[in-house]
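Here's a walk through one model, going from a single helix residue to a sheet and the helices that sit on it. Have the structure open while you read.

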Amino acid sequence: ARVLATNTNYATMVSTPMNNSNKIKFIQLSMVDEEQVIAVIVLGGNVIKNKIINIDEPISNENLLKLNMLLNTTLNGMAIEEINLGLIARLKEQAGIHSQVVGYVADAIHLDDDMQIYTSGATNIFKYPELSDNQSAQEIISAFEEKQQLSELVTQTLAKEDNTGIQVYIGDETPVQTMRDCSVVTATYELGDGMKGTIGIIGPKRMDYAHVLKSMKRLQTELDEMFHKNDRKVE
């Protein structure tokens with residue numbers, strides 16, 4: 001984000017990669033003590049989620065094994081979005097007195113890790129007279145500090161399944177209300193196994209689009225090369 005802001009003289013943001021469409025590879029329930037079970041959920045790309053589950057009474061080893069078999073037999077290979085309320089209800093019914101554990105596991109599967117957004121160059125806004133008046137600048141700086149609106153921008157960008165390229169929003173087209181006087185350029189980068197993130201550049205409507213697009217494409221390429229370089233090292 002810092003390099004991009006320096007190269008373009010605009011405000012920039014980069015989100016950490018998130019897995020929007022992933023499949024379950026394995027679920028393991030293990031006793032921690034008489035009152036707690038830990039659920040370890042392994043997703044595609046070896047993304048791992050852990051959740052400590054409080055239980056009202058101890059679960060026997062035999063019943064814990066049955067729960068593991070039930071969850072893995074039913075859920076392995078399924079995409080997260082395929083695990084709906086109807087399926088969870090059926091699993092709870094089959095789990096009997098341990099239905100609460102199944103509910104907690106389902107919650108853990110659907111729990112999104114907190115997305116991190118890194119920003120830089122917000123003060124570059126003051127370089128452009130049309131954006132540097134008190135209200136406009138304050139709204140933009142606030143959006144960069146609080147990041148909630150930037151999170152919504154990332155969510156909207158990643159929600160477009162066919163969006164793996166560069167999107168340009170000018171003025172009122174901009175998804176972020178406080179940036180309606182700006183142009184926003186976003187690009188989706190992909191690290192494989194459904195891991196995607198967003199790069200964003202915010203500037204005046206008269207921004208140098210050719211330079212911005214070139215910078216975006218360069219960063220996309222560098223991220224892709226870094227990922228595949230790491231793949232080759234593992235191999």
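## Helices, sheet and cores

T8 sits in helix α1, which covers residues 2-8. Keep in mind that this is a predicted model. Is T8 buried or exposed? Its relative accessibility is 5%, and since buried means under 20%, T8 counts as buried. Setting aside neighbours within four places in sequence, T8 is in contact with Y128, I201, H211 and S215.

Now for the sheet. Three strands make up an open sheet in the order β3-β4-β5, with antiparallel pairing. β3 and β5 stand at the edges with a single partner strand each, so one side of each has no neighbour in the sheet. From one strand to the next, the twist averages 15°.

Going pair by pair, β3 and β4 are antiparallel over eight bridges, and a hairpin of two residues joins them. β4 is also joined to β5 (residues 47-54) by eight bridges, again antiparallel. Here are a few of the facing residues, if you want to check the register:

| Residue | Stands opposite or bridges to | Strand of the partner |
|---|---|---|
| I27 | I41 | β4 |
| L43 | V47 | β5 |
| Q36 | N54 | β5 |

Two helices pack on this sheet. α2 touches β3 and β4, and its direction makes about 165° with that of β3. α4 touches β3, β4 and β5, and its direction makes about 145° with that of β5.

Let's look at α2 by itself. This helix runs over residues 61-75, so to speak a 15-residue stretch, and spans 21 Å from its first C-alpha to its last, close to the 21 Å expected at 1.5 Å a residue. Which residues of α2 are buried? They are L64, L67, N68, L70, L71, N72 and L75. These buried residues pack against the strands β3 (24-33) and β4 (36-43), and also against the helices α3 (85-95) and α4 (99-110). After α2 comes G77, which has a positive phi, near 90°.

On the α3 side, have a look at Q94, which is found in that helix. At 55% relative accessibility, Q94 counts as exposed, because the cut-off for exposed is over 50%. Q94 and L70 are 24 residues apart in sequence, yet their C-alpha atoms are 8.1 Å apart in space.

What about the interior? The largest nonpolar core has 30 residues, and those with the most contacts inside it are I27, L29, L75, I83, V101, V105 and I109. At least two residues of this core come from each of β3, β4, β5, α2, α3 and α4. Which element gives the largest share? That is α4, with six residues.

I27 is a good place to see how these pieces meet. Leaving out neighbours within four places in sequence, I27 is in contact with V40, I41, N68, L71, N72, L75, N76, V105 and I109. Among these contacts, I41 is also the bridge partner of I27 in β4, while N68, L71, N72 and L75 are on the list of buried α2 residues. Apart from the largest core there lies another one, of 20 residues, among them A122, I141, C182 and V184.

Definitions and conventions:
Residues numbered from 1 in each chain as written. Predicted model: local features only at pLDDT ≥ 70, side-chain atom pairs only at ≥ 80, totals over all residues. Heavy atoms only, no water. Helix = DSSP H or I, 4+ residues; strand = E, 2+ residues; numbered from the N terminus. Expected span 1.5 Å × (residues − 1). Buried < 20%, exposed > 50% of the residue type's maximum accessible area, 1.4 Å probe, protein only. Contact = heavy atoms within 4.5 Å. Pairing = 2+ DSSP bridges. Core = buried A, V, L, I, M, F, W, Y, C linked by side-chain atoms within 4.5 Å. Axes fitted to C-alpha atoms, helices over the stretch in contact; angles between N-to-C directions.
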